[in-house]
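Colleague: I'd love a close look at one part of this model: its charged side chains. Start with the pairs, then show me what sits around them.

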Amino acid sequence: MTGTESDAAGASADDGTAAGEPPVVVKVGGAKAVDPAGAVGDVAHLVANGRRVVVVHGGSTVVDETLERLDIEPEYVESASGVTGRFTDAETMEAFAMAMAGKLNTELTAQFRSAGVDAVGLSGVDGGLLSGPRKSAVRVVEDGKKKIRRGDHSGKIESVNGDLLGDLLADGYTPVVSPPMAGDEGDGEVTPVNADADRAAAAVAGALGADLVLLTDVSGVYADPDDPETRIDAAATPDELAAVEDAAEGFMGKKVMAAREALSGGSGRVVIADANVRDPVVAALGGAGTTVERSALGGERESGVEAEGGETA
């Protein structure tokens with residue numbers, strides 16, 4: 001994972017935007033239950049006060065709606081490590097690119113510009129922003145048995161063009177980033193492929209040395225997944241991170257995996273928080289949600305755990 005670190009410009013201390021603060025990467029979920037309006041207003045506020053922000057978004061609902069209009073059945077698969085992701089064949093990949101880079105990224109960029117943010121929409125293919133090898137075959141679990149599925153269009157991000165993001169931030173722009181990523185084929189060709197949006201945000205945050213805020217439709221990671229009162233507020237040690245990982249189920253497991261990857265890559269802290277509260281980004285940076293500190297890694301190196309399949313939320 002490569003990139004350049006960016007220094008945040010100064011601003012008001014009450015928002016945590018004082019001079020010397022790192023950039024913020026905000027991942028806005030793509031599920032129908034996640035309203036981006038609060039994040040849009042909050043990012044506009046942070047940017048106006050000098051904080052440098054990169055937005056990364058998912059789009060599972062819009063992708064599924066596009067597939068439905070095209071009469072294509074969406075397919076999700078479970079990896080050997082128990083993480084669920086989208087299986088993206090060639091037909092699904094066309095719909096994915098239409099929905100993510102063509103529709104959702106353009107609409108979200110327009111929302112930010114309407115809010116006074118000088119936003120620039122980018123897919124992971126643009127400028128080689130997000131790149132890595134394409135995985136045409138993935139290991140999945142079906143009916144309790146491990147199998148190999150071929151024909152997939154997904155990839156694992158191994159490189160981030162941090163220079164591109166750093167230059168945009170230095171010039172006062174706010175990048176709005178979405179998959180697909182640039183998938184490197186063995187023959188030197190580049191193919192747009194699916195990549196998980198949480199892990200894309202993690203890669204960007206690591207490359208920039210940024211704080212990462214993963215916004216979703218719950219207030220954090222719950223010790224009891226059915227009880228919001230059991231939210232784990234913070235993890236600063238390896239044991240506390242292990243407890244967060246043990247508690248994370250379903251799609252939350254991928255967010256916690258992304259948190260570990262971001263910290264391993266260079267991010268200082270990651271917050272998993274509710275997108276649907278007032279001032280969601282400022283609230284997350286102020287301690288709302290589940291905060292995972294870099295110290296929770298305990299000096300370990302990147303785990304290298306892979307999740308098959310692509311974007312889910």
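**Charged side chains, up close**

Modeller: Let's begin with R231, which is partly exposed because its relative accessible area is 29% (buried is under 20%, exposed over 50%, partly exposed in between, with a 1.4 Å probe and protein chains only). Its partner is D233: the two form a salt bridge, and their closest N and O atoms are 3.0 Å apart (that is, a side-chain nitrogen of Lys or Arg within 4 Å of a carboxyl oxygen of Asp or Glu). D233 is partly exposed as well, at 44%.

Before we go on, remember that this is a predicted model: local features need pLDDT of at least 70, side-chain atom pairs count only at pLDDT 80 or more, and totals for chains, interfaces and linings use all residues. Residues are numbered from 1 along each chain as its sequence is written, and side-chain values use heavy atoms, leaving out hydrogens and water.

How many salt bridges does the structure hold? The count is 17. Next on our tour is the one between R260 and E245, where the closest N and O atoms are 2.8 Å apart. R260 sits in helix 7 and E245 in helix 6, so this pair ties together parts that are 15 residues apart in sequence (helices are DSSP runs of H or I with at least four residues, strands are E runs of at least two, and both are numbered from the N terminus). R260 counts as buried because its relative accessible area is 13%, while E245, at 30%, is partly exposed. Salt bridges can also share partners, and that is how E21, R51, D211 and R269 end up in one network.

Zoom in on two members of that network. The side chains of D211 and R51 meet in a salt bridge, 3.4 Å from N to O. This pair links distant parts of the chain: D211 belongs to strand 11, R51 to the loop between helix 1 (37–48) and strand 2, and 160 residues separate them. Is each partner buried or exposed? D211 is buried, at 6% relative accessible area, and R51 is buried too, at 2%.

Now for the nonpolar company. The largest nonpolar core has 44 residues, and V25, L130, V204 and L212 have the most contacts inside it (such a core is a set of buried Ala, Val, Leu, Ile, Met, Phe, Trp, Tyr and Cys residues joined through side-chain atoms within 4.5 Å). Among the elements that each supply at least two of its residues are strand 11 (211–216), helix 6 (238–247) and helix 7 (251–265). You've met those three already: strand 11 holds D211, while helix 6 and helix 7 hold E245 and R260. Helix 5 gives the most to this core, with eight residues.

Here's another charged residue to find: K135, in strand 6 (residues 130–142). K135 counts as buried because its relative accessible area is 15%. Its C-alpha lies 7.7 Å from that of K156, although the two are 21 residues apart in sequence.

Just past strand 6, look at the loop that leads to strand 7 (145–155), where you'll find D143. D143 has a positive phi of about 55 degrees even though it isn't a glycine, and it counts as exposed, at 76% relative accessibility.

Finally, turn to the surface. E65, E68, D71, E73, E91 and E94 gather there in a patch of negative charge (residues with over 30% relative accessible area and no salt bridge, like charges being joined within 9 Å). Helix 2 (60–69) and helix 3 (90–114) each supply at least two residues of the patch. Take E68 as an example: it is placed in helix 2, and it counts as exposed because its relative accessibility is 62%.

D71, also in the patch, is in the loop between helix 2 and strand 3 (76–79). Like E68, D71 is exposed, in its case at 71% relative accessibility. It also has a positive phi, near 60 degrees, in a residue other than glycine.

Technical notes
Patch = residues over 30% accessible without salt bridge, like charges linked within 9 Å, V, L, I, M, F, W, Y side chains within 5 Å. Areas by Shrake-Rupley, 256 points an atom, 1.4 Å probe, with all protein chains shown as cover. Lys, Arg positive; Asp, Glu negative; His and termini not counted. Charge placed at Lys NZ, Arg CZ, Asp CG, Glu CD.
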